[in-house]
Amino acid sequence: MKPIQEIFPLLSQPRKVVITTHQKPDADAMGSSLGLSHFLKQLGHMVTVISPTNWAGWVNWMPGANEVLNYEMYKEKAEAILNEADWLFCLDFNIFHRTRTMTESLKQISCTKILIDHHQEPDETSFDYGISDTVKSSTCEMVYDFIIGSGNGGTINEEISECLYAGVVGDTGSFRFSSAHAGVHTMVSDLKSRGLQHSKVHDNLFDNFLENRLRFTGHVLLHRMEVFYEYNTVLIAIPKADILKYHIKTGDTEGLVNFPQTIQGIKLVALVIDRDEERKWSFRSKGDFDCNIFARKYFEGGGHYNASGGRSSDSLEKTVERFKQALKENENLLQ
Ligand code: 5GP
Ligand code: MN
């Protein structure tokens with residue numbers, strides 16, 4: 001993988017560009033994809049953002065979200081665009097299988113592939129150019145660096161600012177995780193000086209839900225949360241019946257995993273949701289417990305040191321049993 005800077009001189013020649021990201025894109029995945037898309041369009045490129053799957057309704061406010069192509073729904077159209085592409089940007093993931101049913105297509109197409117990502121253990125052999133930096137708060141911060149680094153800071157307008165700011169807010173837990181280093185605040189200061197209305201973005205991200213989601217949150221915290229004080233761990237296991245009863249949609253469960261972190265002394269929070277196709281895990285830790293290693297070892301996943309995810313094909317009961325066994329095996333690390 002050649003350094004991303006080597007792309008900069010090539011940006012002046014218009015190309016057919018596809019930008020893609022991980023399945024079920026969150027604020028950082030969607031914000032970075034759309035932010036980069038608005039930037040490249042200003043330089044004259046023909047850009048399509050393709051999401052491997054559907055996404056949460058709460059990112060639909062982002063400028064350009066209505067033009068994102070859902071691969072699962074419009075496979076033929078997406079395939080045609082992928083096959084025509086000169087460049088493929090892969091944002092906020094670093095290994096093709098995180099795009100689920102798009103994986104084989106991404107492997108097969110022969111265009112130039114460019115990585116911009118901040119997760120651990122990138123599959124660098126799959127990309128021609130790129131940057132992988134786990135110190136970065138978010139892929140949105142990296143897209144900002146990309147725009148500035150290429151000497152095109154002047155293109156950063158309201159729509160780019162809103163998309164990039166949303167991803168930074170999402171991935172830093174509203175600037176509270178240690179990943180919100182000085183450079184993040186410098187970037188936000190720059191976006192503000194270019195006219196960013198940050199309160200509008202917060203409203204769109206956090207005060208934009210329906211009643212059912214809040215009721216669901218209450219139900220889950222009351223009835224589905226288990227605290228294991230001997231392991232400084234909280235587990236929330238959500239059965240499919242809850243998802244159906246409260247009409248929970250993609251993205252409605254985002255943020256739920258953060259609530260138990262408000263309990264004193266909690267080191268690890270695990271959330272598992274019984275989805276149709278799999279049991280999906282989210283892990284969050286404080287301090288020196290490595291969620292990335294934990295997710296990789298027990299639940300076919302990965303991510304960052306203090307935030308990761310994974311999956312299981314087992315039933316909810318079985319995967320919860322496996323988790324409890326894993327807690328025993330990690331007892332020392334959780335003290
Ligand atoms: P979340 O719990 O918010 O879904 O994910 C937390 C972090 O872990 C995100 O950075 C996400 O990209 C990453 N992540 C989530 N699920 C997986 C997975 O199955 N595999 C890998 N490698 N990373 C994941
Ligand atoms: Mn991210």
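1. First, the yardstick: a polar contact here is a pair of N or O atoms within 3.5 Å; within protein, one must be able to donate a hydrogen and the other to accept it, and residues adjacent in sequence count only if both atoms are side-chain atoms. By that rule, H119 puts a side-chain N or O atom 2.8 Å from an oxygen atom of ligand 1.

2. Some housekeeping: this is a predicted model, where local features need pLDDT of at least 70, side-chain atom pairs count only at pLDDT 80 or more, and totals for chains, interfaces and linings use all residues. Residues are numbered from 1 along each chain as its sequence is written, chains are lettered from A and ligands numbered from 1 in the order in which they are written, and side-chain values use heavy atoms, with hydrogens and water left out.

3. Back to the ligand. R284 also has a polar side-chain atom 2.8 Å from an oxygen atom of ligand 1, while G302 uses a backbone N or O atom, 3.0 Å from a ligand nitrogen. The protein covers 82% of the 490 Å² of accessible area that ligand 1 has on its own (Shrake-Rupley method, 1.4 Å probe).

4. Who else is around? The shell (a heavy atom within 4 Å) has 13 residues, and H119, K280, S282, R284 and H304 come nearest. Strand 13 (307-312) is among the strands supplying at least two residues each, and its four are the largest share. Strands are DSSP E runs of at least two residues.

5. Worth a look too: S138, buried at a relative accessible area of 0% (buried means under 20%). Its side chain makes a 3.0 Å polar contact with the side chain of S137.

Conventions
Buried means under 20% relative accessible area, exposed over 50%, partly exposed in between (1.4 Å probe, protein chains only).
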